[in-house]
Amino acid sequence: MTGAASGIGAATAALFAEHGASVMIADVQADAGESYAAALREKGGDVRFSRCDVAVEEDIQAAVAATVESFGALHAAYNNAGVDGERAPTASCSNENWERIISINLRGVWWCMKYEIEAMLKNGGGAIVNCGSVAGLVGMMNVPAYVASKHGVVGLTKAAAIEYASQNIRVNAVCPGVIATPINEKNVADPQKMAALKAATPMSRIGEADEIAKAVLYLAGDNASFVTGQALAVDGGWVAR
């Protein structure tokens, strides 16, 4: 699991470990990742850590290799690492912001899938869940690179799902709405922004990280054995408005 030292990734790692899965936390935050893996091991989980910057192809290769070496095979993967970047309309989006967002959110997911699929083919199949966003299903203002990256993740998910369906590899995406995670700390701490976010969501609240984790567990598990190529919105009804 990439980006699993905090937020949605951390909640997902904990839930998978609770359900008996062996988990590799792959994150660029080395200290936080090591500490979190140790904390989950203290609770009885079979959890390891591999430092991984998803903007670096070699890091991804190493993380997948470490997973296979540690646990014998790779059966499921959650490509969660991502950043939101600077806010600006399309014509004002900087080249630097565009390159950073695309390299982490989209190219990083593609690289992860390349090496995960390679590993899964060796053991007869598996399941991949990519972290999209409601911004990958509809347009949003002032975050053009983020929207483009998440639409790309959804498209990449569908393409790979078709390509590898006959080889027993399922590929889906989970698309969170606004979730109470570190990336949204500023919004959650601002009463006016929080009120606006709740008002924009039919369920009148923002989501919790464990609610996304449960969706990932479903998509990665046997209960979703006939589900592939889907982008599941977990957003309190936000895109249904």
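These are my notebook entries on a predicted model of one protein chain.

**Entry 1, secondary structure.** I counted the elements and found 8 helices and 6 strands in the protein chain. I then read their order along the sequence, which came out as α-β-α-β-α-β-α-β-α-β-α-α-α-β. I also looked up the radius of gyration: it is 17 Å, close to the 18 Å from the globule rule for 241 residues, so the chain is as compact as a globular protein of that length.

**Entry 2, extent and surface.** Along the principal axes, the C-alpha atoms fill a box of roughly 50 × 40 × 35 Å. For the exposed surface I noted about 11,600 Å², with 53% of it supplied by carbon and sulfur atoms. Of the 241 residues, 47% are buried.

**Entry 3, contacts and charges.** I took the contacts with a separation of 6 or more; residues 24 or more positions apart account for 69% of them. The chain has 18 positive and 25 negative charges, and I noted that their mean positions are 5 Å apart.

**Entry 4, strand 1.** I went through residues 23-27 one by one. In this strand 5 of the 5 residues are buried, so strand 1 is largely enclosed by the rest of the structure. I recalled that side chains in a regular strand alternate between the two faces of the sheet. I therefore listed each side of strand 1 separately, with buried meaning under 20% relative accessible area. Val23, Ile25 and Asp27 are buried on one side, and Met24 and Ala26 are buried on the other.

**Entry 5, pairing.** Which strand is joined to strand 1 by 5 bridges? I found strand 2 (residues 47-51), and the two run parallel. Within this pair, Ala26 stands opposite Ser50 of strand 2.

Definitions and conventions
Residues are numbered from 1 along each chain as its sequence is written. This is a predicted model: local features need pLDDT of at least 70, side-chain atom pairs count only at pLDDT 80 or more; totals for chains, interfaces and linings use all residues. Side-chain values use heavy atoms; hydrogens and water are left out. The radius of gyration is taken over C-alpha atoms; the globule rule is 2.2 Å times the number of residues to the power 0.38. Buried means under 20% relative accessible area, exposed over 50%, partly exposed in between (1.4 Å probe, protein chains only). Contact means heavy atoms within 4.5 Å. Accessible areas come from the Shrake-Rupley method with a 1.4 Å probe; for residues, only the protein chains shown count as cover. Lys and Arg count as positive and Asp and Glu as negative; His and the chain ends are not counted. The place of a charge is taken as NZ of Lys, CZ of Arg, CG of Asp or CD of Glu. Two strands pair if DSSP finds at least two bridges between them.
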